[in-house]
Protein chains: 4
Amino acid sequence: MSKIMWSYRTPGIPDEFFITGEGVPGPTKEEIRTLTISKARLRKDAYVIDVGCGVGSLTVEAALQVGAEGRVFAIDEDEEAVKLTKANLAKFGVQNIVQVIRGKAPEAMLELPLVDAVIIGGSASLKDVIKVSHEKVKEKGRIVVNAIMLETCHEALQEIKRLNFREIDVTTVFVAKGKWVDAGVMMIARNPITIISATKV
Amino acid sequence: MSKIMWSYRTPGIPDEFFITGEGVPGPTKEEIRTLTISKARLRKDAYVIDVGCGVGSLTVEAALQVGAEGRVFAIDEDEEAVKLTKANLAKFGVQNIVQVIRGKAPEAMLELPLVDAVIIGGSASLKDVIKVSHEKVKEKGRIVVNAIMLETCHEALQEIKRLNFREIDVTTVFVAKGKWVDAGVMMIARNPITIISATKV
Amino acid sequence: MSKIMWSYRTPGIPDEFFITGEGVPGPTKEEIRTLTISKARLRKDAYVIDVGCGVGSLTVEAALQVGAEGRVFAIDEDEEAVKLTKANLAKFGVQNIVQVIRGKAPEAMLELPLVDAVIIGGSASLKDVIKVSHEKVKEKGRIVVNAIMLETCHEALQEIKRLNFREIDVTTVFVAKGKWVDAGVMMIARNPITIISATKV
Amino acid sequence: MSKIMWSYRTPGIPDEFFITGEGVPGPTKEEIRTLTISKARLRKDAYVIDVGCGVGSLTVEAALQVGAEGRVFAIDEDEEAVKLTKANLAKFGVQNIVQVIRGKAPEAMLELPLVDAVIIGGSASLKDVIKVSHEKVKEKGRIVVNAIMLETCHEALQEIKRLNFREIDVTTVFVAKGKWVDAGVMMIARNPITIISATKV
């Protein structure tokens, strides 16, 4: 596997740079990934948990942001997802910054240290994951939930409000990408995503 | 003026952190700013030109990305814009990284050094600005145009194609933000923006 | 008040044709109005209830669709809304087709006859309104809810599912309108709306 | 082929009701179809040209609006499109209202009578089609262009302006549809479309 140097400081790796696999969701599309990482407000040495890491695209971006002094814990219960995430970490040279955990959230989060941010791409136990995230996030730390379903959006918002997170931000993003066809540029839509983020007080 | 420490490595400063003024456009809204900066693919020591800097929100974000080893040239022909940009640079502690130039683009770009990226928020002479950008951007450097008008979008795309930029990306972004009202969260739309970015070969 | 002849058969009266008033929501924007009326699937002689009629824009469009053989019941608890609705009915010459009721929904719905469609633009008692709508709608009749808040969207969907409506359709619509400015056409966003519609079995 | 009774007066036939075929574009998605028909502002007895009719979904909706006293001319140069359009006309019982013409636009438009509206779903010769539309549309008649490409959007707008159409309306529509999956309702995006409509003076 050849190593691609993604030496840019800004998030936003093109989607096709990630190794993918059938049956594993991801990568999180470039623009949504960039905004998700942005909402996590990562410092150079931050600790981050990525819940439901899929192929590891958010994990890689988070690792590039937090750097060698930081740490990312990537959790997925799917064996193939764990494998693909590890492959992508190697591809982007950030394997030393990340610990990949095969397990179910929130159980797999319990033994992790306190972190600066939890990013929740997806989980079957969203409510419990948010509850444990609240415990695991340091004061002024961030939680970021990406919702592609109406129910997830609603449930995340209710739980985040209930736990007294502050600075709650709800951002729905609709992206269309130009595709070059014979006659010109056709706009192809991406599914809308609602990014819910908040700060722990 | 008190200095706010925005010590996060990720772009995405909340809009209300910027000093604004009547008659000067900006700040570029958080999500669009984040994506624009992302598309510019900035390195730690990059040189950047921000054409039509308005209140300087993209300038500040670019400066935070390129850091002390980099350099940002912010151009605006409006006196008030120059003043506000300087105020925001001071607020975010990046005044040493940025040179604010009061002048018209593309003329004001001519004496600048080669750069890694040109960000074009707006300009009355878009076509000429893109042409000069092509000259000013290093090989593998980036151009990013934010278009809020159909004509700008079309003109930018045609000119970027004509100049043989590569990896041309057209991304239309529609954002809605949750606003807390009595009965719940109401989604308030932001105007859609098309971000056109490309790499010089 | 001069009468405007809107003799077109298709819904979609331009927004500025409606008489409006401060403090009364509406008109429902043209495109959303057109789609809402479309989702109600009105016949020439249909009976319709419009809950929370505001200035009466959906009421007018529904009346134009159902014609002299149909009937529209427009409900709003606000006195000014009732007045504006009546003014718009007169303006479009459909006052004989519509009964405007000042009252709270769902209470005000109880004495109405069975109808072919209920359109719910807004209500403080959404859940109860949907419940009574289920009783008031004939078999194969339609319910259409316009949600601008995340909570409304969620609550409407849950209640509609619970009541065993069929053919449930969830459509989120993001519209941007071209505005002519000096330099060209700028796209101005409208707030996104989710239209939930379904058929009673 | 069994006949489906679509007896509703409002446009908005569900997509799956149309007979489709590989290689022929369409049906125009329900919401876009409804809005397109709405922008054409059809009267009960209107004459309409549908350029690039594909499977005939806009043709059917237009025919249902104009009724037996009106007339729709559906043009497509593809043999299969003509066949599918005829099949859909039969399915919806509007074959007597529509004349399907196999041919290229604008040439195929030249011998048609004056009409109240021209709907342009797609054409290789957009500019010329708009020019001939201007000749074929009666005073106060309407032109409606659906653009899925940036170039089409730009070209249509320029030509419509040049020909002094009035009340030019540019509406970009982004639609997402709820899809029922195990865990709830996922929002699936449709490609954005820009509908440009105007009135001939």
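1. In this predicted model, the buried residues of helix H3 of chain A are A:Ala81, A:Val82, A:Leu84, A:Thr85, A:Ala87, A:Asn88, A:Leu89 and A:Lys91. The elements covering them include helix H2 (57-66), strand S2 (71-76) and strand S3 (98-102) of chain A. As general background, residues three or four places apart on an α-helix point the same way, because there are 3.6 residues a turn.

2. The geometry of H3(A) agrees with expectation: the helix comprises 13 residues (79-91), so at 1.5 Å a residue it should span 18 Å, and its end C-alpha atoms are 19 Å apart. At the N-terminal end, A:Asp78 acts as a cap, with a side-chain oxygen 3.2 Å from the backbone nitrogen of A:Glu80. After the helix comes A:Gly93, which has a positive phi near 70°.

3. Turning to the interface of chains A and B, 39 residues of chain B are in contact with 38 residues of chain A. The two chains bury about 3,400 Å² between them, with 54% of that area on carbon and sulfur atoms. B:Arg9, B:Arg41 and B:Trp180 account for 21% of the area that chain B buries against chain A, more than any other three residues.

4. Polar interactions between chain B and chain A include 6 salt bridges. A:Glu30 and B:Lys39 meet through their side chains in a salt bridge, at 2.9 Å from N to O. Polar contacts across this interface link 27 residue pairs, both residues at pLDDT 80 or more. On the chain B side, two or more residues come from each of helix H1 (30-40), helix H2 (57-66), helix H5 (150-162), strand S6 (166-181) and strand S7 (184-189). S6(B) gives the most, with 12 residues. By class, this side of chain B has 19 nonpolar, 10 polar and 10 charged residues.

5. For chains C and D, 38 residues of chain C are in contact with 39 residues of chain D. About 3,400 Å² is buried between them, 54% of it on carbon and sulfur atoms. Here C:Arg9, C:Arg41 and C:Trp180 supply 21% of the area that chain C buries against chain D, more than any other three residues.

6. The interface of chain C and chain D has 6 salt bridges. The side chains of C:Lys177 and D:Asp169 form a salt bridge, at 2.6 Å from N to O. There are 27 residue pairs in polar contact across this interface, both residues at pLDDT 80 or more. Elements supplying at least two residues to the chain C side include helix H5 (150-162) and strand S7 (184-189). The largest share of that side, 12 residues, comes from S6(C).

Notes: Residues numbered from 1 in each chain as written. Chains lettered and ligands numbered in written order. Heavy atoms only, no water. Helix = DSSP H or I, 4+ residues; strand = E, 2+ residues; numbered from the N terminus. Expected span 1.5 Å × (residues − 1). Buried < 20%, exposed > 50% of the residue type's maximum accessible area, 1.4 Å probe, protein only. Contact = heavy atoms within 4.5 Å. Polar contact = N/O pair within 3.5 Å; in protein donor to acceptor, adjacent residues only side chain to side chain. Buried area = accessible area lost by both parts, 1.4 Å probe. Salt bridge = Lys/Arg side-chain N within 4 Å of Asp/Glu carboxyl O. Nonpolar A, V, L, I, M, F, W, Y, C, P; charged D, E, K, R; others polar.
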